[in-house]
Amino acid sequence: MTVRRMQCCCCGSDAGRWAQWWNRDTGYGICRRCIDWQRARGTDDAEIMDLYGREGINYAPASEPAKGAA
């Protein structure tokens, strides 16, 4: 699995350093902000996985809540 710097395929910003998903052109992934936008507009987890890969492997995971936060 090749890890490389990615550019977001949705907004063009830096998507971080992640493993390349087979269904994306080389060097393109998705940034966390666009994943959150996709979910807010109703895209389900199965479609996100099909298009962008696995959270924490192919794109940034959701931020963990601060310790002590409810």
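The paragraphs below lead through the structure from its overall make-up to its sheet, its helices and a few chosen residues.

The model is a predicted one, and its chain contains two helices and three strands. Followed along the sequence, these elements come in the pattern β-β-β-α-α. The radius of gyration of the chain is 12 Å, close to the 11 Å that the globule rule gives for 70 residues, so the chain is as compact as a globular protein of that length. Along its principal axes the C-alpha trace spans about 40 × 25 × 20 Å, and of the 70 residues 33% count as buried. If one looks at contacts between residues at least 6 apart in sequence, 31% of them join residues at least 24 apart.

The strands make up an open sheet in the order S2-S1-S3, and the pairing within this sheet is mixed. Its edges are formed by strand S2, residues 14–19, and strand S3, residues 28–29, each of which pairs on one side only. Strands of a sheet pair through backbone hydrogen bonds, and they may do so in a parallel or an antiparallel way. Both senses are found in this sheet, since S1 and S2 pair in the antiparallel sense over five bridges, while strand S1, residues 3–8, pairs with S3 in the parallel sense over two bridges.

Individual residues show where the strands meet. On the side of S1 that faces S2, Val3 has Ala19 as its bridge partner, and Arg4 stands opposite Trp18. Towards S3, it is Cys8 that stands opposite Gly29. The hairpin of S1 and S2 has five residues between the strands, and in this hairpin Gly12 takes a positive phi near 85 degrees.

Cys8 is a useful residue from which to look around, as its place is in strand S1. With a relative accessible area of 2%, Cys8 is buried, because residues under 20% are counted in that way. Not counting residues up to four places away in sequence, Cys8 touches Ser13, Ala15, Tyr28, Gly29, Ile30, Cys31 and Cys34. Cys8 and Arg32 are 24 residues apart in sequence, and their C-alpha atoms are 9.1 Å apart in space.

Cys11, by comparison, is found in the loop between S1 and S2. Its relative accessible area is 45%, so Cys11 is partly exposed, a class that lies between the limits of 20% and 50%. Once neighbours within four places in sequence are left aside, Cys11 is in contact with Cys31 and Cys34, and these two residues are also among those that Cys8 touches. Cys11 and Gly56 are 45 residues apart along the chain, with 19 Å separating their C-alpha atoms.

In strand S2 the reader can turn to Gly16, which counts as buried at 14% relative accessibility. Leaving aside neighbours within four places in sequence, Gly16 is in contact with Arg4, Arg5 and Met6. Gly16 and Asp50 lie 34 residues apart in sequence, and their C-alpha atoms are 19 Å apart in space.

What remains is the pair of helices. The axes of helix H1, residues 32–40, and helix H2, residues 45–52, come within 10 Å and cross at roughly 145 degrees, and the crossing in which H1 passes H2 is right-handed. On the H1 side of this contact are Ile35, Gln38 and Arg39, which meet Asp45, Ile48 and Tyr52 in H2. Sorted by class, the residues in the contact of H1 with H2 are three nonpolar, one polar and two charged.

Taken together, the chain can be read as an open sheet of three strands in the order S2-S1-S3, with two helices, H1 and H2, whose axes cross at roughly 145 degrees.

Notes: Residues are numbered from 1 along each chain as its sequence is written. This is a predicted model: local features need pLDDT of at least 70, side-chain atom pairs count only at pLDDT 80 or more; totals for chains, interfaces and linings use all residues. Side-chain values use heavy atoms; hydrogens and water are left out. Two strands pair if DSSP finds at least two bridges between them. Helices (H or I, at least four residues) and strands (E, at least two) are DSSP runs, numbered from the N terminus. Axes are lines fitted to C-alpha atoms, for helices over the stretch in contact, and angles run from 0 to 180 degrees between N-to-C directions. A crossing is left-handed if the near helix is turned anticlockwise from the far one by less than a right angle, and right-handed if clockwise. Contact means heavy atoms within 4.5 Å. Ala, Val, Leu, Ile, Met, Phe, Trp, Tyr, Cys and Pro count as nonpolar, Asp, Glu, Lys and Arg as charged, and the others, Gly among them, as polar. The radius of gyration is taken over C-alpha atoms; the globule rule is 2.2 Å times the number of residues to the power 0.38. Buried means under 20% relative accessible area, exposed over 50%, partly exposed in between (1.4 Å probe, protein chains only).
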